[in-house]
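These are my notebook entries from a session with one model, written in the order in which I looked things up. I began with a pair of charged side chains and worked outwards from there.

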Amino acid sequence: MAKAPRRGPYICGIDAALDVVSGKWKGLILWELDARRVRRFAELHRGLPGVSEKMLTQHLREMETDGLVHREVYAEVPPRVEYSLTEHGRTLNQALGPLGAWGAERVRREGSETVDVAGTSHG
């Protein structure tokens, strides 16, 4: 059963922003699509170790509904589906940049471990 679109009421802008990036994986999906531009489902799944196919599908659907992700279906056999960020998604990813910098500093300060994904680290 699909959730109803999120439309508030919101307490403040942070509340509205967190509403569309809630969930562990949405920020990482934004990062992956920003870094790689266009990804197929299997590529996204490989780029996000630990996410289940069900959760990735759910988050991609919500992000498409929220206007953050564009889903392109090609009429081929077998069908090819590609995901990319919309302009709205790119601006959200840019807005999350300072939060990523804060998190990277926290990781450094606390000496936490990070996961290396294909030779890059999530900011």
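**Entry 1: a charged pair beside a turn in the chain**

I started with Asp34 and Arg37, which form a salt bridge whose closest N and O atoms are 3.6 Å apart. I note at once that the model is predicted, and that I treat every value below as computed from it. Looking up the surroundings of the two partners, I found Asp34 partly exposed, with a relative accessible area of 26%, while Arg37 is exposed at 52%. The cut-off for exposed is over 50%, so Arg37 at 52% counts as exposed.

I then checked the backbone of Arg37, which has a positive phi of about 70° although this residue is not a glycine. Arg37 is found in the loop between α2 (26-36) and β1 (38-40).

**Entry 2: other salt bridges**

How many salt bridges does the count come to? The count comes to 9. As a general reminder to myself, side chains of opposite charge can pair when their charged atoms come close.

Among the 9 salt bridges, I looked at the one that joins Lys26 to Glu62, with 2.6 Å from N to O. Lys26 lies in helix α2 and Glu62 in helix α4 (residues 53-65), 36 residues apart, and the pair thereby links distant parts of the chain. Are these partners buried or exposed? Lys26 has a relative accessible area of 0% and is buried, and Glu62, at 13%, counts as buried too; the limit for buried is under 20%.

Next I turned to Arg39, which forms a salt bridge with Glu32, the closest N and O atoms being 3.5 Å apart. Arg39 is buried with a relative accessible area of 19%, a value I record with the limit of under 20% in mind, and Glu32 is buried with 2%. I also noted that Glu32 and Arg39 are linked with Arg36 in a network of salt bridges.

**Entry 3: the sheet**

Arg39 led me on to the strands, since its bridge partner in β3 is Tyr83. Val38 has Ser84 in β3 as its bridge partner, and β1 and β3, which run antiparallel, are joined by 3 bridges.

In what order do the strands of the open sheet lie? The order is β1-β3-β2, with 3 strands and antiparallel pairing. β1 and β2 are the edge strands, each of them pairing on one side only. From one strand to the next, the twist averages 30°.

On the other pairing, β2 and β3 are antiparallel over 6 bridges; I looked up Val69, which stands opposite Leu85 in β3, and Val73, whose bridge partner in β3 is Val81. A hairpin joins β2 to β3 through 5 residues. In the loop between β2 (69-74) and β3 (80-85) I found Pro78, and the peptide bond from Val77 to Pro78 is cis, with omega near -5°.

**Entry 4: helix α4**

Having met Glu62 as a partner of Lys26, I went back to its helix. α4 has 13 residues and reaches 18 Å from its first C-alpha to its last, which is close to the 18 Å expected at 1.5 Å a residue.

Which residues of α4 are buried? They are Leu56, His59, Leu60, Glu62 and Met63. They cover an arc of only 165° around the axis, and therefore sit on the same side of α4. On the other side of the helix, Glu53, Lys54, Arg61 and Thr65 are exposed. The general background is that an α-helix has 3.6 residues a turn, so residues three or four places apart point the same way.

What covers the buried residues of α4? The cover includes α2, α3 (41-47), β2 and β3; the helix α2 in this cover also holds Lys26, the partner of Glu62. My last check concerned the residue that follows α4: this is Gly67, with a positive phi near 80°.

Terms used
Residues are numbered from 1 along each chain as its sequence is written. Side-chain values use heavy atoms; hydrogens and water are left out. Helices (H or I, at least four residues) and strands (E, at least two) are DSSP runs, numbered from the N terminus. Buried means under 20% relative accessible area, exposed over 50%, partly exposed in between (1.4 Å probe, protein chains only). Two strands pair if DSSP finds at least two bridges between them. Axes are lines fitted to C-alpha atoms, for helices over the stretch in contact, and angles run from 0 to 180 degrees between N-to-C directions. A salt bridge is a side-chain nitrogen of Lys or Arg within 4 Å of a carboxyl oxygen of Asp or Glu. The expected span of a helix is 1.5 Å times one less than its number of residues. The arc is that of the directions from the helix axis to the C-beta atoms. Contact means heavy atoms within 4.5 Å.
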